[in-house]
Amino acid sequence: LTPTSKRVIYITFIVKPRPTDTKRSIVLLANAFTWNAYSASGGRSKYTSPTCNPCSFERPLDVADPSLPPPNYSSGSETWMYNWMRLNNYIYDLYTDIDFHIGINNFNSYKVLIIVGHMEYITQQIRYNIDNYLKSGGSLVYLSGNGLYERVEYVTPGSVGGGVGG
């Protein structure tokens, strides 16, 4: 994608397993809520004045460009981890935090949940799902900081409400 600025922007696609696929032992979450909060596509983000409220997912998320180098609030650090895992022969499933909010069938069958990047914004349901997963014997590897910090509300399939954290 090349906007009028002539800067090349890459688009991130999260390819999750089909419901009928055999679950792997490792699952990674991509941080779509954080990408949305930090993206100023369309003129506003959680960090502009005025902020977006709600911050719609129905826009390009410029910070989800996998070519951006880590560390930042983009998908760059996550892309680095996905590539490292592949190079070291780790096989994993991949979902977004939105999928985790909505619910993933048999999620507790995963042995380890890995969160990498900057998963700062979470819903109350995500927090509940993480707690439930850990209580059922799952393991969490959290490779970031300042995460699981601010609660957001997932309003509809097209937006995040409460100012992406309010």
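A salt bridge is taken here as a side-chain nitrogen of Lys or Arg lying within 4 Å of a carboxyl oxygen of Asp or Glu. In the predicted model, the side chains of D131 and R127 satisfy this criterion, with an N to O distance of 3.4 Å. Both residues belong to helix 4, which spans residues 124-135, and they are separated by four positions, or about one turn of the helix. D131 is partly exposed, with a relative accessibility of 30%, and R127, at 43%, is likewise counted as partly exposed. Helix 4 also contains I130, which is buried at a relative accessibility of 3%. The C-alpha atom of I130 is separated by 9.7 Å from that of N108, a residue 22 positions away along the chain.

The helix 4 pair belongs to a wider set, as the count of salt bridges under this rule comes to five. Another of these is formed by the side chains of D99 and K16, at 2.8 Å from N to O. D99 is located in helix 3 (residues 97-102), whereas K16 is found in the segment before strand 1 (26-30), so this salt bridge ties together parts of the chain that are 83 residues apart in sequence. With a relative accessible area of 13%, D99 is buried, while K16, at 44% relative accessibility, is classed as partly exposed.

A further salt bridge, with an N to O distance of 3.3 Å, joins the side chains of E150 and K46. Here E150 is placed in strand 7 (residues 150-151) and K46 in the loop between helix 1 (32-38) and strand 2 (55-56), so the pair links parts that are 104 residues apart in sequence. Both E150 and K46 are buried.

The charged residue E78, located in helix 2, presents another arrangement. E78 is buried but takes part in no salt bridge, and the nearest side chain of opposite charge, that of R86, is 12 Å away. The side chain of E78 is nevertheless joined to that of N31 by a polar contact of 2.7 Å.

R86 also appears in the description of the second largest pocket, which holds about 290 Å³ of space. This pocket is lined by 18 residues, of which V15, Y82, R86, Y92 and L94 are the closest to its centre. At least two lining residues are supplied by each of helix 2 (76-87) and strand 3 (92-96), and helix 2, with four residues, makes the greatest contribution to the lining. Classified by residue type, the lining of this pocket comprises ten nonpolar, three polar and five charged residues.

With regard to the chain as a whole, the secondary structure consists of five helices and nine strands, and these elements follow one another from the N terminus in the order β-α-β-α-β-α-β-β-α-β-β-β-β-α. The chain has 166 residues, of which 46% are buried; among the residues considered above, I130, D99 and E78 fall into this buried class, as do E150 and K46.

Technical notes. Residues numbered from 1 in each chain as written. Predicted model: local features only at pLDDT ≥ 70, side-chain atom pairs only at ≥ 80, totals over all residues. Heavy atoms only, no water. 1 Å grid on protein atoms, 1.4 Å probe; cavity = no way out; pocket = protein on both sides within 12 Å on 5 of 7 lines; lining within 4 Å. Points joined across faces, edges and corners; volume = space filled by probe spheres on them. Nonpolar A, V, L, I, M, F, W, Y, C, P; charged D, E, K, R; others polar. Buried < 20%, exposed > 50% of the residue type's maximum accessible area, 1.4 Å probe, protein only. Lys, Arg positive; Asp, Glu negative; His and termini not counted. Polar contact = N/O pair within 3.5 Å; in protein donor to acceptor, adjacent residues only side chain to side chain.
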